[in-house]
Amino acid sequence: MKNCEFQTLDEFFEFYNNYAFEAGFSVRRSLREQSRDGTEIVRQELCCHKEGHSKKLKAQPKRRKGIIRKGCLAKVTVVKRSGVYVVSQFIEGHNHPLTSPPRVHLLKSHRGISHATRCLTMELRVVNIPTHQQISLLEVQSRGIENMGCMGKDIYNYERDKRNELKGHVGDMLYAHFLSQQENPFFTFKIEEDETTEEFDKKWKKVVESSNLSDNGWLQSIYDIRASWVPAYCNHIFSTGMSSSQCAESCHSFFKKWTKAAKSAAVKDLGGLEITDTNALVVKRSKLFHHASLLIDKVLTSPDEGSTIFIEALDNVFNKLKEMQVDKGESACVRKKPSDVFQHRYNEPNQVRAKGCGKRLKKGKGRKRER
């Protein structure tokens, strides 16, 4: 491995990580050095995940964990020379048993959710397929959980992060969806600005005084309970204009259809970064998957030579795409630079407990004890 050359640090990490997968250990980025002007990395070291020693905790942890770091010295180092990264040091030996092939996919550096898997989970979420069924589908599709490239926990964590990323942007995404539908001549929408409590009180007082009804007891009693019927006093509760919770059941199907479409919009977060338009990736994946499925069906019904030609063609396409990524010098990321799609404008309504979400009824034994 010594004196091997790599065009980028990503290529270097991918190469050593693949080697680690076959050998049975995980990789961690370690020391690195930057150029004097701080514009580039001139030295990078990758080490075994058991390098160093674990810190001794004063307090006993609630859950016992195995010793992760054991002072392993296995590592590889590259330095930049003449525009390329060259391996200057390679230590192969480990001071611990290596992981067996059936379990090596559980190690951290070999786990990751690919963009294709992310797009697929987004598609499955749109049709309300539970996460545990998504994991089962991915396991079957990859011919074994060890070939998924990630664990079920990673899928759950990704969907959790995605939900957190969309928090506070529901109003903006709905507004963007409405704007995208303006090309349809049969579609129109209107946004009503909220009236403040001060404006309502001022208008009420003006109407009552102009009608000489200031001493009317019934109007005063209605005014005293204005918090229960005036929209300005209860607009923090999202009810879509409904005044009774019994009407909510009839609108559940409607909410499921606009929420699905609203997920396709791109918005900016509080840091000014634009959230990735996942819908574009989903559409792109659907088209590619359709063409690939038709081609695979042809290959399955062809002689064995057809399978060989198909695999060779895929390898050529993979290598060309890899060269394109190296030429661009870009790596896929979850967020993009700010653009002028639209700014954060509408706040998300406060969440309220839906009907039927109360605490579970205690069993008979529990009620008897309280008595």
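Axes here are lines fitted to C-alpha atoms, for helices over the stretch in contact, and angles run from 0 to 180 degrees between N-to-C directions. The model is predicted, so local features need pLDDT of at least 70 and side-chain atom pairs count only at pLDDT 80 or more, while totals for chains, interfaces and linings use all residues. Residues are numbered from 1 along each chain as its sequence is written, and side-chain values use heavy atoms, with hydrogens and water left out.

**Exercise 1. Describe how α2 and α4 pack, and which residues meet.**

Step 1. Find the elements: helices are DSSP runs of H or I with at least four residues, strands are runs of E with at least two, and both are numbered from the N terminus. Helix α4 covers residues 152–166, and α2 covers 115–126.

Step 2. Take the geometry. The two axes are 12 Å apart, at an angle of about 70°. That makes α2 roughly perpendicular to α4 (under 35 degrees is roughly parallel, over 145 roughly antiparallel, 65 to 115 roughly perpendicular, and the rest oblique).

Step 3. List the partners, where contact means heavy atoms within 4.5 Å. From α2 come Thr-117, Arg-118, Thr-121, Met-122 and Arg-125, and they meet Ile-155, Tyr-158, Glu-159, Lys-162 and Arg-163 of α4.

Step 4. Sort by class: Ala, Val, Leu, Ile, Met, Phe, Trp, Tyr, Cys and Pro count as nonpolar, Asp, Glu, Lys and Arg as charged, and the others, Gly among them, as polar. The contact of α2 with α4 has three nonpolar, two polar and five charged residues.

**Exercise 2. Now work out the arrangement of α6 and α7.**

Step 1. Helix α6 spans residues 197–210 and helix α7 spans 217–224; their axes come within 13 Å and cross at roughly 180°.

Step 2. The two helices are therefore roughly antiparallel to each other.

Step 3. Phe-200, Asp-201 and Trp-204 of α6 make the contact with Leu-219, Ile-222 and Tyr-223 of α7. By class, this contact divides into five nonpolar, no polar and one charged.

**Exercise 3. Place Arg-28 in the fold and find what its side chain reaches.**

Step 1. Arg-28 belongs to strand β2, residues 27–34.

Step 2. With 22% relative accessibility, Arg-28 counts as partly exposed (buried is under 20% relative accessible area, exposed over 50%, partly exposed in between; 1.4 Å probe, protein chains only).

Step 3. Look beyond the neighbours within four places in sequence: Arg-28 is in contact with Glu-45, Leu-46, Cys-47, Cys-48, His-49, Lys-50, Glu-51 and Arg-69.

Step 4. Turn to His-49. The two residues are 21 apart in sequence, and their C-alpha atoms are 5.4 Å apart in space. The Arg-28 side chain reaches the backbone oxygen of His-49 at 3.0 Å.

**Exercise 4. Which residues of the largest nonpolar core touch the most other members, and which element gives the most?**

Step 1. Set the term: a nonpolar core is a set of buried Ala, Val, Leu, Ile, Met, Phe, Trp, Tyr and Cys residues joined through side-chain atoms within 4.5 Å.

Step 2. The largest core has 17 residues, of which Phe-12, Val-27, Leu-46 and Val-78 touch the most other members.

Step 3. At least two residues each come from α1 (9–23), β3 (41–48), β4 (75–81) and β5 (84–91). The element that gives the most is α1, with five residues.

Step 4. Follow Phe-12: leaving aside neighbours within four places in sequence, its contacts are Phe-6, Gln-44, Leu-46, Val-76 and Val-78.

Step 5. There is also a second, separate core of ten residues, which includes Ile-113, Ile-135, Leu-138 and Met-148.

**Exercise 5. Gln-134, Asn-128 and Ser-82: buried or exposed?**

Step 1. Gln-134 lies in helix α3, residues 131–141. At 1% relative accessibility, Gln-134 counts as buried. Not counting residues up to four places away in sequence, Gln-134 touches Thr-121, Leu-124, Arg-125, Ile-129 and Glu-159.

Step 2. Asn-128 sits in the loop between α2 and α3 and, at 51% relative accessibility, counts as exposed. Although Asn-128 is not a glycine, it has a positive phi of about 60°.

Step 3. Ser-82 is in the loop between β4 and β5 and counts as exposed at 80% relative accessibility. Ser-82 has a positive phi of about 55°, and is not a glycine.

How values were computed: Polar contact = N/O pair within 3.5 Å; in protein donor to acceptor, adjacent residues only side chain to side chain.
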